[in-house]
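Biologist: I'm new to this one, and I'd rather get to know a single part well than skim everything. Could you pick one sheet and take me through it, strand by strand?

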Amino acid sequence: MQKLTSPTRRWAAAIVLMLLALPGPLLAQETLGPSAFYNSRDGFHILIPDGWENRSTEAYAHFHHAEAAVDVYAITRPLRTGQDDALAAAFAALPIEQPAAPAEARTVNLVNGEWMQQISIDPPRRTTLYTQPFAENLHVIVWDSPTGSAQPAIVPGEEVEAGLEAALAALGLSEAEAVSLDEMTIGAQTWTVASFEDEPAAALARVRSALTYAVVVLEPVESIEALPLFFMQLSDYFVTPQTAPFLYLGLAATALVLLVLVGSIALRARALKQEALTLAALAQEDQAAGSQNPSMP
Amino acid sequence: MSVTTHASQTSAVPVVESEKRPTALTLLTIVTIIGLGIGLYMGLVYAGTDLQQGEVQRIFYIHMPSFFGAFVAFGATVVGGIAYLRTRNAKWDRLAVAGVEVGLALAIINLVTGSVWARPIWNTWWNWDPRLTSEAIMILTYAAYLMLRNGIENPEQRRRFASVYGILAFTTVLITLLITRIRPDTIHPVVIGPVLTDASMMNVQGDFELAATPGVSTALGINMLVWGLLLPITLLWYRLRLENRAERVNALKAQVLSE
């Protein structure tokens, strides 16, 4: 190593300072707040609704509404041998039994794709099951009400009254007739709240994209506004896309550009060195020729 | 090479041998290589995976810092250009051209990584978003600098032209830097710093919160230091040495030819 000159010393000091600065950001770790999503290991993410107790485990998401005695589960299982097997595997992992054969099944087209909705009524238990095949997995979201206190349904209907009627029919309550309709703001959404003389206690409904989203409450619940938040899970669920190949492509492109620049600098430096040596050799030859032939100009 | 006392050969020797790499450059190179390794580790391993974008979001740890590296290099061109116009010392012109070449490489990295990221996130390799368009103009402007510069024979005229061009070309860098904050129709996300108009965030696609994924700020900070400072300075230094050597070889060539 050559002796450190004054400017070199200044450079060395600057580099040492830069190195000392490196751990700074490492020490200044960002503090992360609680996630608004339940994130499964296989990239399935669903929103945790406000007012629901999060009882999720590593294997599945589980949200509990104590007052309404409702549990919502979300789980994803690989689609190896078909949807039925994947669904059975999902219920084998969940702490509840697979619901009875559905009284009503239909496909509902939501913002994040098509879901199969299956409404099961096995008194007193009421269950609404949503399933969606996505890539190589089956996503399952279960609304389970062991006491039959409340149950959701999504039905076609561009008008809230007609949609509510269809939802009641789908839930086996076709004889129920609303006596009053009021409006309730939940978050940024306006929901219609229907009251009944006898059963059910109430129903909440909202029309979106030619579909009526409804939750029918069979037993009185005070914090009724927390129940429709379940639908946020359906519409806000997402799956982390598999984008690793694009990362590798980007890294390869970066390496290539750097390699071209560094390689080009090195090659040009070598060529210049060669040129300097050739010029020196030429000059030497000229000098030798000049000394042998001093009369030449 | 044997050392003789011949005048021409003693002129050639310094061209090759006096360019022994300074200790500071060796140290800087080592620090930069280590920094690149740490930066890659932080971006690919330490930082969490973005839940909405998946692994491709990690390209951001190269994409954004490489732009700031280009900014530093093109900034060196401005400094070199102004200093040359004031002093007429050719060393400043050499700094300017080194800055353009290094800045261009880093800007291309920025553009290519952005395009690769856009494919899965925007579902296209390219669109004429204001930021992408301004960046393409910026790259073409600096590519033209190199081509036009080589087309001027007279060295003095070439340096003067390149200095003025290099200073004016920097406006394309500033426009590229600020355009996402002022244009309402951009889909390019603003990750750090203030947004000058609320409307400019209306159409953003592929945005993410720094605090939403663990380790993003730390990984980004380290990569900004490496790609935005260490790497451009190291590359500039090597490129400057090459330009110095070329200048000396040209001088030697003129000397040999005149004898």
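Modeller: Sure, and one term before we start: two strands count as paired if DSSP finds at least two bridges between them. Bear in mind too that this is a predicted model.

Let's look at an open sheet in chain A. It has five strands, in the order β10-β14-β13-β12-β11, and the pairing is antiparallel. β10 (150-156) and β11 of chain A are the edge strands; each has a single partner strand, so one side of each is left without a neighbour in the sheet. On average, neighbouring strands here are turned by 25° against each other, direction ignored.

Start at the β10(A) edge. Its partner is β14 of chain A, residues 211-217, and seven bridges join the two, which run antiparallel. To find your place in this pair, look for Ile154(A), which stands opposite Tyr213(A) in β14(A).

Now hop over to the other edge. There β11 (residues 178-186) and β12 (residues 189-196) of chain A pair over eight bridges, again in the antiparallel sense. Leu181(A) makes a handy landmark, standing opposite Ala194(A) in β12(A). β11(A) and β12(A) form a hairpin with two residues between the strands, and in that hairpin Gly187(A) takes a positive phi near 65°.

Last, there's a helix to add to the picture. α4 of chain A, residues 160-170, lies across β10, β11, β12, β13 (202-208) and β14 of chain A. Relative to β10(A), helix α4(A) runs at about 125°.

Key: Residues are numbered from 1 along each chain as its sequence is written. Chains are lettered from A and ligands numbered from 1 in the order in which they are written. This is a predicted model: local features need pLDDT of at least 70, side-chain atom pairs count only at pLDDT 80 or more; totals for chains, interfaces and linings use all residues. Side-chain values use heavy atoms; hydrogens and water are left out. Helices (H or I, at least four residues) and strands (E, at least two) are DSSP runs, numbered from the N terminus. Axes are lines fitted to C-alpha atoms, for helices over the stretch in contact, and angles run from 0 to 180 degrees between N-to-C directions. Contact means heavy atoms within 4.5 Å.
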